[in-house]
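Hi,

Here is the structure I said I would pass on. Have a look at it first, and my notes on what turned up are underneath.

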Amino acid sequence: MAYEFSESDLQRIIKLPAWIQTLKDKYPVSVVNTADTWEEQPLPEDYIPKEVEIFYGDDVDDSDLFIRDGKLYFFSLREPVDANVIQVLIDGNWAYIQVECRVILDRLGGVILPDVVVNPEAILHSVIKSNLQNN
């Protein structure tokens, strides 16, 4: 099923550079996410995020990696939906989107990415969630 752009989506997309607009039919969610955040300022220097989520794919429901307060809470054991797309959500806002090795949004600014602490509970949670999704 094709992605249905709203009128407001199209109004925001038209403000993007032409080369990003050309990606809208192949990567509609990534382009809409970029358009939604396009006019936002980069994150400030020395910004330490509370939450970082990484998504592989254009239209995925769950993050492939979730970090809160420097602790890994979840990582996906499944194959990426589409490794051509990387989307990074920092504290609930899109901060970085890459499509086909081209960066279409970069608001990382001076963000300090956390040193991730991996705990056994996160690994167990990820394995259980993966097994439930596969069965």
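Asp25 is exposed, at 62% relative accessibility. Keep in mind throughout that this is a predicted model. The partner of Asp25 in a salt bridge is Lys24, with 3.5 Å between the closest N and O atoms. Lys24 itself counts as partly exposed, at 23% relative accessibility.

That pair belongs to a bigger set: searching the whole structure turns up seven salt bridges. As background, side chains of opposite charge can pair when their charged atoms come close. Here are the others I looked at.

Lys26 and Glu100 meet through their side chains in a salt bridge, 2.8 Å from N to O. This pair links distant parts of the chain, since Lys26 is in the loop between α2 and α3 while Glu100 is in the loop between β5 and β6, 74 residues apart. Lys26 is exposed, with a relative accessible area of 56%, and Glu100 is partly exposed at 27%. Glu100 has another feature to look at: a positive phi of about 50°, although it is not a glycine.

Asp91 does likewise, with a positive phi of about 50° and again no glycine. You will find Asp91 in the loop between β4 and β5, where it is partly exposed with a relative accessible area of 25%.

Next, Arg68 and Glu51. Their salt bridge has its closest N and O atoms 2.8 Å apart. Arg68 lies in strand β2 (residues 65-68) and Glu51 in strand β1 (residues 51-56), so the bridge ties together parts that are 17 residues apart in sequence. Both ends are partly exposed: Arg68 has a relative accessible area of 30%, and Glu51 comes in at 22%. There is also a small network, in which salt bridges that share partners join Asp9, Arg12 and Asp36.

Arg68 does something else too. Its charged end sits over the ring of Tyr73, 5.6 Å from the ring centre. While on rings, the structure holds three aromatic pairs.

Now for the overall layout. The protein has four helices and seven strands, and starting from the N terminus the order is α-α-α-β-β-β-β-β-β-β-α. It has 135 residues, and 39% of them count as buried. If you take contacts between residues at least 6 apart in sequence, 58% of those join residues at least 24 apart. The exposed surface comes to about 8,200 Å², with carbon and sulfur atoms supplying 53% of it.

Which helix is largely enclosed by the rest of the structure? That is α3 (residues 28-37), because nine of its ten residues are buried. The buried ones are Pro28, Val29, Ser30, Val31, Val32, Asn33, Thr34, Ala35 and Thr37. And what covers them? The cover includes the helices α1 (7-13) and α2 (18-21), along with the strands β4 (85-90), β5 (93-99) and β6 (102-106).

If you zoom in on one residue of that helix, I would pick Ser30, which is placed in α3. Ser30 has a relative accessible area of 0%, so it counts as buried. Its side chain makes a polar contact of 2.7 Å with the side chain of Asp58. Leaving out residues up to four places away in sequence, Ser30 touches Asp58, Val85, Gln87, Ile97, Val99 and Ile104.

One last spot is Pro80, in the loop between β3 (71-75) and β4. Pro80 counts as partly exposed, at 36% relative accessibility. Its C-alpha atom is 6.9 Å from that of Gly57, and the two residues are 23 apart along the chain.

If you only have a minute, I would start with two places. One is helix α3, with nine of its ten residues buried. The other is Arg68, which pairs with Glu51 in a salt bridge and also has its charged end over the ring of Tyr73.

Cheers

Technical notes
Residues numbered from 1 in each chain as written. Predicted model: local features only at pLDDT ≥ 70, side-chain atom pairs only at ≥ 80, totals over all residues. Heavy atoms only, no water. Helix = DSSP H or I, 4+ residues; strand = E, 2+ residues; numbered from the N terminus. Buried < 20%, exposed > 50% of the residue type's maximum accessible area, 1.4 Å probe, protein only. Contact = heavy atoms within 4.5 Å. Areas by Shrake-Rupley, 256 points an atom, 1.4 Å probe, with all protein chains shown as cover. Phe/Tyr/Trp six-rings, centres within 6.5 Å; stacked < 30°, edge-to-face > 60°. Lys NZ or Arg CZ within 6 Å of the ring centre and 35° of its normal. Polar contact = N/O pair within 3.5 Å; in protein donor to acceptor, adjacent residues only side chain to side chain. Salt bridge = Lys/Arg side-chain N within 4 Å of Asp/Glu carboxyl O.
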